[in-house]
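Student: I would like to go through this model term by term, asking what each label rests on.
Tutor: Then let us set each value against its definition.

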Amino acid sequence: MPEGDTVYAAAARLRAGLAGRVLESSDFRIPSLATADLSGREVLAVRSVGKHLLIDVAESGPGVGDTLSIHSHLKMEGAWHVHPRGQRWRRPAYQARAVLRTADHEAVGFDLGVLELLADPDAALAYLGPDLLADDFDREEAIRRLGSDLDATIGAAVLDQRLIAGIGNVFRSEICFLRRVLPTRPVGEVDLGPVVDLSRRLLWANRLRSARTTTGNTSPNARMWVYGRHGRLCRRCATPVKRGELESPGGERSVYWCPRCQV
């Protein structure tokens with residue numbers, strides 16, 4: 001599932017193609033939005049909030065209605081592509097869920113897990129914890145929320161978007177490894193300040209990279225410390241990396257760790 005850095009990068013691409021421009025047409029290919037028409041509206045902003053993406057469009061003319069936001073969540077398979085009009089799509093048309101066109105550009109949302117129009121997106125997403133990639137990220141509030149259940153595992157806590165927004169399964173394993181804590185360690189036994197600081201630093205460093213890396217190495221086989229490396233040797237101590245399932249928000253998810261480095 002795309003994580004906060006991926007959604008941030010998608011918002012940046014959409015912003016470059018859409019922000020400040022007027023939509024000549026909109027085509028929503030899901031039943032709940034089949035009759036929605038945002039043509040004639042200016043795109044005011046494109047922004048990410050944790051793993052959520054918002055395209056804010058302005059009111060245009062009498063009777064059109066208030067400012068709206070196109071809210072999407074990529075879930076497992078979703079993606080937004082933006083390109084000059086007339087360019088061939090890189091995914092099949094049957095996967096398209098939203099098509100937004102300006103005079104020069106076209107943005108296509110494929111296989112979006114969530115797609116809706118929101119009159120008050122900030123209220124709708126108010127349940128989210130502090131966004132790790134927000135300019136006004138609230139470090140102390142993130143620490144407070146993560147520490148609200150001292151018996152929860154740190155691996156589950158950092159994945160809970162209500163506590164801190166933007167971390168997914170990849171970063172969860174990598175953060176725990178770099179902090180040398182087992183994902184199953186109770187929150188009450190973890191120094192949360194450094195966990196929050198590292199989380200923000202990792203997501204910020206990757207927010208516009210074409211290939212995510214937590215090691216600093218961009219070679220395809222050297223980008224991760226433990227994630228996806230089950231049975232391979234730890235880059236620190238040469239102990240085989242383990243993989244297991246950890247109860248997390250949304251169900252059990254795979255987690256990776258080094259049994260020697262993380263205690």
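Student: What makes the order 1-6-7-5 an open sheet, and how are its strands paired?
Tutor: The four strands of this sheet pair in the antiparallel sense. Strands are DSSP runs of E with at least two residues, helices are runs of H or I with at least four residues, and both are numbered from the N terminus. Two strands count as paired if DSSP finds at least two bridges between them. Strand 1 (25-28) and strand 5 (79-84) have a single partner strand each, so one side of each lacks a neighbour in the sheet. From one strand to the next, the twist averages 10°. Angles lie between N-to-C directions and run from 0 to 180 degrees, with axes fitted to C-alpha atoms, for helices over the stretch in contact.

Student: Before we go on, what kind of model is this, and what is counted?
Tutor: The model is predicted: local features need pLDDT of at least 70 and side-chain atom pairs count only at pLDDT 80 or more, while totals for chains, interfaces and linings use all residues. Residues are numbered from 1 along each chain as its sequence is written, and side-chain values use heavy atoms, leaving out hydrogens and water.

Student: How do you know that strand 5 and strand 7 are paired?
Tutor: Strand 5 and strand 7 (residues 105-110) are joined by six bridges, antiparallel, and the definition asks for at least two bridges. His83 stands opposite Glu106 of strand 7, and Pro84 stands opposite His105 in that strand.

Student: What joins strand 6 to strand 7?
Tutor: A hairpin of three residues links strand 6 to strand 7. Their antiparallel pairing has five bridges, and Leu100 stands opposite Ala107 in strand 7.

Student: What makes strand 7 mostly covered?
Tutor: Five of the six residues of strand 7 are buried. Buried means under 20% relative accessible area and exposed means over 50%, with partly exposed in between, using a 1.4 Å probe and protein chains only.

Student: Which strands of this sheet does helix 1 touch?
Tutor: Helix 1 (residues 4-18) packs on the sheet, in contact with strand 5, strand 6 (96-101) and strand 7. Contact requires heavy atoms within 4.5 Å. The direction of helix 1 makes about 30° with that of strand 5.

Student: Where else does helix 1 lie, and at what angle to strand 2?
Tutor: Helix 1 also lies across strand 2 and strand 3 (52-57), at about 175° to strand 2. Strands 2 and 3 belong to an open sheet of four strands in the order 2-3-4-8, with antiparallel pairing. Strand 2 (43-49) and strand 8 (114-118) are at the edges of that sheet, each with a single partner strand, so one side of each has no neighbour there. The twist in this sheet averages 15° from one strand to the next.

Student: How do you know that strand 4 and strand 8 are paired?
Tutor: Five bridges join strand 4 (residues 68-73) to strand 8, and the two run antiparallel. One bridge partner is Leu115 in strand 8, opposite Ser72.

Student: What is called the largest nonpolar core, and which residues have the most contacts inside it?
Tutor: A nonpolar core is a set of buried Ala, Val, Leu, Ile, Met, Phe, Trp, Tyr and Cys residues joined through side-chain atoms within 4.5 Å. The largest has 26 residues, and those with the most contacts inside it include Leu146, Ile154 and Leu192. Helix 3 (139-146), helix 4 (154-157), helix 5 (169-178) and helix 6 (192-206) each supply at least two residues of this core. Helix 6 gives the most, with six residues.

Student: Why is Pro220 called exposed?
Tutor: Pro220 counts as exposed because its relative accessibility is 65%, and the cut-off is over 50%. Pro220 is in the loop between helix 6 and strand 9 (242-248).

Student: Why is the protein chain called as compact as a globular protein of its length?
Tutor: Its radius of gyration is 20 Å, close to the 18 Å that the globule rule gives for 263 residues, so the description applies. The radius is taken over C-alpha atoms, and the rule is 2.2 Å times the number of residues to the power 0.38.
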